Amino acid sequence: MHMSDALLSPVVGGTFWAVSAGMIGWSARKTAADSDGSKTVLMGVLGAFVFAAQMINFTIPGTGSSGHIGGGLLLAVLLGPWRAFITLASVLVIQALFFADGGLLALGCNIFNMAFIPAFIAWPFIYRPIAGSGDSPVRLATASIAAATLGLLAGAFSVVLQTTMSGISDLPFNTFMLFMLPIHAAIGITEGVLTWGVLAFIRSTEPGLLQTTSEIRAPKTGFVTASLFVAALAIGGTLSWFASSNPDGLEWSIAKVTGKEELASPDEHAHELLAGLQEQAAILPDYDFRHTDNQTTSPNSPVNVGTSFSGIAGSLMVLLLSGAAGLLFRNRRNNSAAATQS
């Protein structure tokens, strides 16, 4: 559901840049004030895991479309909304800068749609009331599926609204929404099931990591952290070869309305400037090496060294960025506490 710059006007894109930047600042202050520093390492590892997992597009049967998890709900359950928002924002920044996944003008919208909505709407207002203490497997499954589905539907609706407000494409509101919502409902249900699977694994191994558990235990993050890190490298390094090549839900919806999966950006200075910057920064566009006209991958083999390199390198980039953010906020809290005591 990564939006491209072709869907957005500079005014709408710039407005959501400001909104998302403000939310990052607010989340940073809340994280720095949080005395629980045990989630700092998890921020980096979970960010790497979500980056790798987003590379796996799964086919939506009977549609010719595909989707991938957003990961916002999973992060919010395990990290809380503030750390989840910063972690997923880190993922989206790395994706836009180095992999050209989502436009630079659209980065603020993508952070709002894919990080703000699951962390600050789906998790507190849908997941937590249903999951309760998290002790019931049925309630945990219901909460995961309902929150992931409704959160993704809200994000898809926001995409349609932002596109319509921009007014630079030929995508009519009603028709665009008619395709966007059903396909993202299917993607959301799948994400909910996958989220439930991960949470069920964590609930059986280290329930203290679940935000809603009634049995507070000191989190022994070593096993889960190591498992998630190994999973991130395995998914990014090898499983990413088998991602569906079908267009994702947003591309599929655009194609149904216009006949084209991607729209051309308008010939405006802001669009051309940001497209040029992204072209220079994106060293691994579309999660692959930059190819010349003479270089092709084998059509008979899913193995792609460029994809593996992208998956591992991107996961490590997110690990470093998210982890560094967590350490920075923890140090700020420690320094503030020391200053108060002196």
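Asp286 sits in the loop between α10 and α11, the latter being residues 305–341. This is a predicted model, and the values I give are computed from it. Phi of Asp286 is near 55°, which is positive, and the residue is not a glycine. As background, most residues other than glycine have a negative phi. Is Asp286 buried or exposed? Its relative accessibility is 63%, and exposed means over 50%, so Asp286 counts as exposed.

There is another residue of this kind. Ala100 also has a positive phi, near 55°, without being a glycine. Ala100 lies in the loop between α4, residues 81–99, and α5. With a relative accessible area of 30%, Ala100 is partly exposed.

Now the chain as a whole. Its secondary structure comes to 11 helices and 2 strands. Starting at the N terminus, the order is two helices, then the two strands, then helices for the rest of the run. The C-alpha trace spans about 60 × 45 × 40 Å along its principal axes. For 342 residues, a compact globule would have a radius of gyration near 20 Å, and the chain agrees with that, at 20 Å. Of those 342 residues, 50% count as buried.

Next, helix α5, which covers residues 107–131. What separates its end C-alpha atoms from the span of a straight helix? The ends of α5 are only 31 Å apart, while 25 residues at 1.5 Å a residue would reach 36 Å in a straight helix. There is also a kink in α5, of about 55°, at Trp123. The proline Pro124 comes shortly after that kink. Of the 25 residues of α5, 19 are buried, so the helix is largely enclosed by the rest of the structure. After α5 comes Gly132, with a positive phi near 60°.

On to the open space. The largest pocket holds about 1,400 Å³. Its lining has 46 residues, and the closest to the pocket centre are Asp101, Glu251, Glu262, Asp286 and Tyr287. So Asp286, the loop residue from the start of this talk, belongs to that group. Which elements give two or more residues to this lining? They are α9, residues 249–258, and α10, residues 269–281. By type, the lining divides into 17 nonpolar, 19 polar and 10 charged residues.

One more look at Glu251. This residue is found in helix α9. Its relative accessibility is 25%, so Glu251 counts as partly exposed. Met180 is 71 residues away from Glu251 along the chain, and their C-alpha atoms are separated by 9.6 Å.

Last, the closed spaces. How many cavities of 30 Å³ or more are there? The count comes to 2. The largest cavity holds about 220 Å³. It is lined by 22 residues, and those nearest its centre are Met1, Ile69, Gly70, Leu152 and Glu191. At least two lining residues come from each of β2 (65–67), α3 (72–79), α5, α6 (137–166) and α7 (173–205). The kinked helix α5 is therefore one of the elements that line this cavity. The lining divides into 10 nonpolar, 10 polar and 2 charged residues.

Notes: Residues numbered from 1 in each chain as written. Predicted model: local features only at pLDDT ≥ 70, side-chain atom pairs only at ≥ 80, totals over all residues. Heavy atoms only, no water. 1 Å grid on protein atoms, 1.4 Å probe; cavity = no way out; pocket = protein on both sides within 12 Å on 5 of 7 lines; lining within 4 Å. Points joined across faces, edges and corners; volume = space filled by probe spheres on them. Helix = DSSP H or I, 4+ residues; strand = E, 2+ residues; numbered from the N terminus. Nonpolar A, V, L, I, M, F, W, Y, C, P; charged D, E, K, R; others polar. Expected span 1.5 Å × (residues − 1). Bend = angle between axes of the 7 residues up to and from the residue. Buried < 20%, exposed > 50% of the residue type's maximum accessible area, 1.4 Å probe, protein only. Rg over C-alpha atoms; globule rule 2.2 N^0.38 Å.
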